[in-house]
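Me: I am new to this structure and would like to understand the reasons behind the words used for it. Could you take me through them with care?

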Amino acid sequence: MSKRTFRVVLIKPSHYDANGYVIQWRRSSIPSNSLASLYGLIQQCADDRVLGPDVDIEIEASDECNTVVDVKKAIRSIRNAGSGMVGLIGVQSNQFPRALDMAREFRKAGVPVVIGGFHVSGCLSMLPTLPPSLQEALDLGVILYAGEAEGRMAEFLRDVDSGSTKPIYNFLNAMPEMAAATFPILPRPVVARVAGHYASFDAGRGCPFQCSFCTIINVQGRKSRYRTADDVEAIVRANAALDITRFFVTDDNFARNKNWEEILDRLIVLREQHAFNIRLILQVDTLCHRIPGFIEKAARAGCNLVFIGLENINPESLLGTKKRQNKIWEYREMLQAWHRQGVMTWAGYILGFPTDTPESIRHDIEVIKKELPIDILEFFCLTPLPGSEDHKKLHVSGVAMDPDMNNYDLEHVCTAHAKMTADEWAKIYRDAWDIFYSDEHVETVLRRAYVSGIRMSKVTEALTFFSGAVRIEGVHPLQLGLARRIVRTQRRHGMPLVNPLIFYPWRAAVFVREVVNWLSLYRRYSAIEKRVRKDPNAKNYTDQALAPVSADPSEDHLVEIFADKIPQTYGAPTRPKVAAAG
Ligand code: B12
Ligand code: SF4
């Protein structure tokens, strides 16, 4: 039987910086789970020979955040194979313009292109008509894929192979079960491009809550679906066979995964009885400490860094976006519980809620610094992301929003605010990093880490990384990697290529400036770390954030500060308001 090859090129697009260059690095910091999911699914199709016994399916996967994609080479490889397709994977709204620019080149060469991910799914799930970005893709002959691909790839590949594809595939009304579903996996060379060789998997999808800024509930659903402990063990073993044992678990809220205990118990056995050197980064909610044994087991299973969706400390803001589950009087106890297990705490904080002003934001960040043992805080601008209730409301009522999807990266102001001008909002976003990462507060964080027994060198590294991202590289830490690459010829569609004689000297100057800035930041923080370590009194350090939490929440100082803003509807503690400590 004569054999033929169907070549699948999977690309996770990045997005453009303010100069129109692709944001990419020699090493990225966080792996792409969407890429791993699609790779796993198509590898399964290749193993099952779904295009016929005579057809080999070859797969090539790259994450643009850490790889310069050579579009011409990819086109040649598909042509040489005789058939194939390009999949633009897990495309978020901010990545859609970059995805379209690549699609444009592939389509010019007649290669089938399909785009999937949150932008396509979010728009199709929430908007009554196609937005211009999706229409432009269709006009280029790009196939749009909404919804999840588990259990559906064989049929889709057959459609592409036989040239009988539909313009839009929409599976948003039929979420696949996660138990025993094909799992995410990537070849080791792809994972090796992520700093620290982190791989990723999702142990569940969907979320029962209703935050109005969130897209997840409208794309993955409010009914949560979970992988089993057997699935997770299989994922860990498959990666360990490639010598990869560090994982970013992408569940938006692992604490609400109903299989959490079984999963953690299984990982504990792998770690403690079979010497798997597992390390986990988990995302959890602010009430996870109320789940008996959760934090202790997470730490034993290898969690050394936890991301907490704090979002805000002002109850008025939280209520305005239906984030009712966040109860500020529980924050300190929750954070202290992670510290007791030696786990570094990393929280996200959103700026631009309707009641926010530059002054209130400054005030609230100062309160956090004093009151809460958060090691790493990162800031986002409240953004009407396509797929969210906020976006739908603005869209339907015709309120102006930035038409450039590249700006939906949570670092740009994309719509008007009732109390701040766009400039004020953008300024307080930039200032927020300076306010939190002042040298004085960096010392406080390191002193807290010292008494809590958290590895200080790790905290210093993390503080450097998060404090320098926006201030040195001009990108959010979630987009930061190691050693920026700027390819002169990969510029946004419509922007002119810069003459090499101007481009390369500019690039060299920027590179030198950035290296100097990073080194001096790291040296400064290392000197602070050394000072803390040498301080004979360091062991006795204490402050308001480390103070034991009173059994009576009404005695909590944070409750005092926001006393007049805590709604009394959900059994909140009451206490007369006092001013924030100076
Ligand atoms: C992990 C994660 C990250 C990681 C990794 C991103 C990466 N390189 O992949 C990090 C932390 C770096 C990150 C960063 C950001 N993220 Co993020 N992230 C996530 C998270 C939590 C999980 C993503 C995931 O793996 N999902 C599971 C996969 C399997 O789902 P999926 O991508 O939808 O893929 C399925 C289908 O869509 C489909 N599919 C997808 N692609 C394709 C392609 C083809 C060909 C086919 C057939 C099918 C198909 O099949 C897949 C399997 O079923 C999601 C929330 C979530 N629950 O998904 C947010 C999410 C995707 N992120 C979001 C945002 C906004 C960001 C940031 C802009 C925020 C910021 N400033 O930090 C940055 C942008 C960074 C950048 N430019 O790369 C938004 C996107 C919303 C939107 N409309 O754009 C989300 C939805 C969260 C939210 N706030 O609502 N993120
Ligand atoms: S923001 Fe987090 S808690 Fe809120 S609905 Fe989205 S995933 Fe759930």
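Reply: A residue is called buried when its relative accessible area is under 20%. In this predicted model, buried residues make up 59% of the 582 residues in the chain.

Me: What makes the chain as compact as a globular protein of that length?
Reply: The chain holds 20 helices and 16 strands. Its radius of gyration is 24 Å, and the globule rule gives 25 Å for 582 residues; the two values are close, so the chain is as compact as a globular protein of that length. Along the principal axes, the C-alpha atoms fill a box of roughly 75 × 55 × 50 Å.

Me: Why is strand 4 said to be largely enclosed by the rest of the structure?
Reply: Strand 4 covers residues 82-88, and 6 of its 7 residues are buried, that is, under 20% relative accessible area, so the strand is largely enclosed by the rest of the structure.

Me: How do you know that strand 4 pairs with strand 1 and with strand 5?
Reply: Two strands pair if there are at least two bridges between them. Strand 1 (residues 4-12) is joined to strand 4 by 7 bridges, and these strands run parallel, with Gly84 as the bridge partner of Arg7. Strand 4 and strand 5 (residues 113-116) share 3 bridges, also in the parallel sense, and here Ile115 is the bridge partner of Leu88. Both counts satisfy the requirement of at least two bridges, so both are pairs.

Me: What makes the β-α-β unit of strand 4, helix 3 and strand 5 right-handed?
Reply: With the strands pointing away from the viewer, a right-handed crossover runs clockwise from the first strand over the helix to the second. The unit made by strand 4, helix 3 (residues 96-108) and strand 5 is right-handed, so its path runs clockwise in that view.

Notes
Residues numbered from 1 in each chain as written. Chains lettered and ligands numbered in written order. Predicted model: local features only at pLDDT ≥ 70, side-chain atom pairs only at ≥ 80, totals over all residues. Heavy atoms only, no water. Buried < 20%, exposed > 50% of the residue type's maximum accessible area, 1.4 Å probe, protein only. Helix = DSSP H or I, 4+ residues; strand = E, 2+ residues; numbered from the N terminus. Rg over C-alpha atoms; globule rule 2.2 N^0.38 Å.
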